[in-house]
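Reader: I have a sequence and a model in front of me. Can you take me through the parts that deserve a look?

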Amino acid sequence: MRTGPIDLHTHSSVSDGTETPAELVAAAAEQGLGAVALTDHDSTAGWAAAAAAVQGTGMMLVPGMELSTRIGWSSVHMLGYLFDPASPSLVRETTRLRDDRMHRAERMVAKIGADYDLSWQDVLDQASEGATLGRPHIADALVAKGYARDRSAAFAGILHWRSGYYEPHEAPSPLVGVRLIREAGGVPVLAHPATHGRDTNVPRDHLIELVEAGLGGVEVGHRENTAAGRERLLELAKKYDLVVTGSSDYHGDGKPNRLAENSTDPAQFARIVEQATGSAPIQG
Ligand code: AMP
Ligand code: FE
Ligand code: FE
Ligand code: ZN
């Protein structure tokens with residue numbers, strides 16, 4: 001593997017990023033990354049195009065996904081790396097998730113459409129065919145209609161969970177998420193677990209349950225993790241021998257996050273590769 005930052009969390013147009021998988025891989029290679037993981041929400045549909053694009057770049061591609069899970073109404077994101085994309089149980093769950101996300105987006109658009117000139121077609125126009133639909137696509141439609149300046153403004157207003165337009169979507173528990181990823185030979189890593197001033201969005205006891213079920217690591221380096229939360233996570237990682245990652249959560253132009261603004265230590269990345277049996281990194 002060439003030297004250069006390792007970024008284990010990015011999104012393409014297969015979910016809510018603004019670049020195609022090939023464009024994203026090209027941007028990462030151009031920037032001199034050593035390795036990049038493609039982790040679209042609830043989908044592996046970008047893996048093939050990303051694998052083709054990495055050839056000849058000298059960079060490594062790490063196939064992954066960010067699985068939606070939830071505890072009650074609070075959403076918990078579980079990164080999965082190097083699992084078997086054909087795992088029947090994981091395919092079943094992600095198919096259900098994408099389907100439910102679409103119906104949930106339709107419900108939100110119906111509510112918003114009662115107050116604003118916004119149609120379901122306006123939202124579909126913002127997403128690529130088969131993409132995992134989410135609030136970012138509704139945000140893009142609101143921006144196109146002039147109701148918000150950018151995605152962030154839309155999230156702070158009409159799409160905020162307290163706006164009255166918010167609808168939840170179905171998702172498995174984080175425990176089920178960890179099991180699904182491990183059963184598929186992958187390595188589950190809890191994404192941005194210390195955001196919004198909370199120490200962790202998973203209660204401590206629940207986190208220990210996740211570790212017992214096979215949680216492999218925690219994403220400590222992430223712009224939305226608080227400083228106190230990071231310290232807490234590092235202590236937990238030490239205590240339970242968890243892999244510690246750092247990543248950008250790049251969404252192209254959809255978020256201010258820049259590639260490799262946070263990165264993962266090569267020794268930590270090596271631990272992920274060692275644990276994985278579902279698929280292998282692709283050396284371009
Ligand atoms: P959803 O899962 O459909 O509820 O939407 C959450 C997604 O929106 C996450 O994957 C984030 O990447 C994205 N997101 C959340 N807040 C913002 C923001 N302020 N600006 C742009 N994207 C955001
Ligand atoms: Fe996202
Ligand atoms: Fe996330
Ligand atoms: Zn993400």
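Author: We will go through the domains and then the metal sites of this predicted model.

Reader: Which residues make up domain 2?

Author: The chain is divided into two domains. Domain 1 takes up 6-93 and also 170-283. Domain 2 is the stretch 101-156.

Reader: How many residues of domain 2 are in contact with domain 1?

Author: The C-alpha centres of the two domains lie 25 Å apart. Even so, domain 1 and domain 2 are in contact. From domain 1, 10 residues take part. From domain 2, the number is seven.

Reader: What share of the buried area between the domains do carbon and sulfur atoms give?

Author: About 650 Å² is buried between domain 1 and domain 2. Carbon and sulfur atoms give part of that area. Their share is 38%.

Reader: Which side chains form the salt bridge across the interface?

Author: The rule finds one salt bridge between domain 1 and domain 2. A salt bridge needs a Lys or Arg nitrogen within 4 Å of an Asp or Glu carboxyl oxygen. Here the N to O distance is 3.0 Å, so the pair passes. The two side chains are D42 and R101.

Reader: On the side of domain 1 that touches domain 2, how many residues are polar?

Author: Seven residue pairs are in polar contact between the domains. The touching side of domain 1 has one nonpolar residue and two charged ones. The polar residues there number seven.

Reader: Now the metals. Is the site of the zinc ion (ligand 4) tetrahedral or irregular?

Author: Its protein donors are H9, H11, E66 and D249, at 2.1 to 2.3 Å. The angles among the four donor atoms run from 78 to 169°. A tetrahedral site needs all angles between 85 and 135 degrees, so this one does not qualify. The site is irregular.

Reader: Which residues coordinate the iron ion (ligand 2)?

Author: This iron ion lies 4.4 Å from the zinc ion (ligand 4). Along the chain, its donors follow the spacing D-x24-H-x209-H. Each distance is given as 2.2 Å. The donors are D16, H41 and H251.

Reader: Which residue is a donor to both the zinc ion (ligand 4) and the iron ion (ligand 3)?

Author: The iron ion (ligand 3) has E66, H77 and H192 as protein donors, at 2.1 to 2.2 Å. The list for the zinc ion (ligand 4) is H9, H11, E66 and D249. The residue found in both lists is E66.

Reader: How far apart are the iron ion (ligand 3) and the iron ion (ligand 2)?

Author: The donors of the iron ion (ligand 3) are spaced E-x10-H-x114-H in sequence. Those of the iron ion (ligand 2) read D-x24-H-x209-H. The two iron ions are separated by 5.5 Å.

Conventions. Residues are numbered from 1 along each chain as its sequence is written. Chains are lettered from A and ligands numbered from 1 in the order in which they are written. This is a predicted model: local features need pLDDT of at least 70, side-chain atom pairs count only at pLDDT 80 or more; totals for chains, interfaces and linings use all residues. Side-chain values use heavy atoms; hydrogens and water are left out. Domain bounds come from an automatic or database domain assignment. Contact means heavy atoms within 4.5 Å. Buried area is the accessible area (1.4 Å probe) that two parts lose on being put together, summed over both. A polar contact is a pair of N or O atoms within 3.5 Å; within protein, one must be able to donate a hydrogen and the other to accept it, and residues adjacent in sequence count only if both atoms are side-chain atoms. Ala, Val, Leu, Ile, Met, Phe, Trp, Tyr, Cys and Pro count as nonpolar, Asp, Glu, Lys and Arg as charged, and the others, Gly among them, as polar. Donors are N, O and S atoms within 2.8 Å of the metal (3.2 Å for Na, K and Ca); water is not among the atoms, so sites may look incomplete. Four donors count as tetrahedral if all angles lie between 85 and 135 degrees; four count as square planar and six as octahedral if opposite donors are over 155 degrees apart and all others between 65 and 115; anything else is irregular.
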